[in-house]
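Good morning, and thank you for making time for this item. I should like to take you through one structure, beginning with its sheet and ending with its interior.

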Amino acid sequence: MTTSSTTFTFHPDRVYEVTGIWVRPGKAEALQAYFQQVFPMAAADYGVQPMFSLEPVSLYAGDFQPDMMFVNEWPSLDSFRGFIADERATALFPERDAAVSRLVVTQYRVAEEVTISLREDDVIEFGAMWIKPGEEAAFSNYYQSVVPIARANGMRPLVRLAPAFAYSGEFSPSGAGLNWWGTLENFQAFEACLLYTSDAADE
C-alpha cells in the first residue's frame, strides 16, 4: 500500500538542526520526558519547528548510526543560541545527558529554497563528508563521476546542507546532504556498483 507524502520546504534565511542521539539502555522514556519539557518552551519562545525524523537502518561509512535522528527548523542561528543559553533549558540538559551516550547536534543552511516530499516508507540517505584541505577539486571530480551511477540506481538528490554551527559532538563536516533512494535495495545496488568499479580499477 502506498503511503501519502508530506512536503517540507527549506529556506535560505533559516537554519536546520540535524540531531543524532544514541540512547542509553533503559533511558528512552526519560529522554521522551525531557523532550516533552523542552520542546514547548523552545517552540513558544525561540520558534523551533520540528520537520521530520529518520530511523537509521543501515550504515555505509563512518560511525554516524544513532538510535534516533531528526531535523528541526529554527528562525535563525541566534534563536538557537538563545535557546541553548536559556536557564530553563540548561537546567534540563542534565536530564538529557543522563539519557544519552552520545549526542550530535549540527546546524546547517541551504543556499536556495528547496521543497522536498517524503513518505514514511522512503529510504533517505544522510551523507556528510570532510574534505581534506586542497583536495576540493579532486573530491568534485569524484562526486561528478559517482552521481551518474547513483542516479542509475534510483538516487535523487533532495537538499544540500552547509554547516553553520556545531553545538554538540564536534560534528562539523565540509558539507552534508539528504538523498532519496526509495528502497534500501536501490542503495545496496549502488554500493555494489562502487565496489565493482573499485575492484576493476585496482586490477
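I shall describe the sheet, then a helix that lies across it, and then the cavity. Please bear in mind throughout that this is a predicted model.

Let us start with the sheet. It is open, it has 7 strands, and their order is 3-4-2-5-8-9-7 with antiparallel pairing. Which strands stand at the edges? They are strand 3, residues 49-54, and strand 7, residues 124-129. Each has a single partner strand, so one side of each is left without a neighbour in the sheet. On average, neighbouring strands of this sheet are turned by 30° against each other, direction ignored.

In general terms, strands of a sheet pair through backbone hydrogen bonds, in either the parallel or the antiparallel sense. Here, strand 5 pairs with strand 2 in the antiparallel sense over 8 bridges, and Arg 102 in strand 5 has Trp 22 standing opposite. Strand 5 is also joined to strand 8, residues 156-168, by 5 bridges, and these two run antiparallel. Within that pairing, Val 105 has Ser 168 of strand 8 as its bridge partner. Strand 5 is largely enclosed by the rest of the structure, because 7 of its 10 residues are buried.

Turning to the edge formed by strand 7, we find 6 bridges joining strand 7 to strand 9, residues 175-180, again in an antiparallel arrangement. One of the pairs can be named: Ile 124 has Trp 180 in strand 9 as its bridge partner.

Next, the helix. Helix 2 lies across strand 2, strand 4, strand 5 and strand 8, and runs at about 45° to strand 8.

Finally, the interior. Rolling a probe the size of a water molecule over the atoms shows where empty space is left. How many cavities of 30 Å³ or more does the structure hold? The structure holds 1, with a volume of about 230 Å³. Its lining comprises 19 residues, and those nearest its centre are Glu 17, Tyr 34, Phe 35, Phe 83 and Arg 96. The elements giving two or more residues to this lining are strand 2 (15-23), helix 1 (28-46), strand 4 (68-74), helix 2 (77-85), helix 4 (93-99) and strand 5 (100-109). Helix 1 supplies the largest share, 5 residues. By class, the lining has 15 nonpolar, 2 polar and 2 charged residues.

To close, I would draw attention to strand 2 and strand 5, which pair with each other and both contribute to the cavity lining.

Technical notes:
Residues are numbered from 1 along each chain as its sequence is written. This is a predicted model: local features need pLDDT of at least 70, side-chain atom pairs count only at pLDDT 80 or more; totals for chains, interfaces and linings use all residues. Side-chain values use heavy atoms; hydrogens and water are left out. On a 1 Å grid over the protein atoms alone, a cavity is a set of points where a 1.4 Å probe fits but cannot get out, and a pocket is an open set with protein on both sides within 12 Å along at least five of seven lines; lining residues have an atom within 4 Å of a point. Grid points are joined across faces, edges and corners, and a volume is the space filled by probe spheres set on the points. Helices (H or I, at least four residues) and strands (E, at least two) are DSSP runs, numbered from the N terminus. Ala, Val, Leu, Ile, Met, Phe, Trp, Tyr, Cys and Pro count as nonpolar, Asp, Glu, Lys and Arg as charged, and the others, Gly among them, as polar. Buried means under 20% relative accessible area, exposed over 50%, partly exposed in between (1.4 Å probe, protein chains only). Two strands pair if DSSP finds at least two bridges between them. Axes are lines fitted to C-alpha atoms, for helices over the stretch in contact, and angles run from 0 to 180 degrees between N-to-C directions. Contact means heavy atoms within 4.5 Å.
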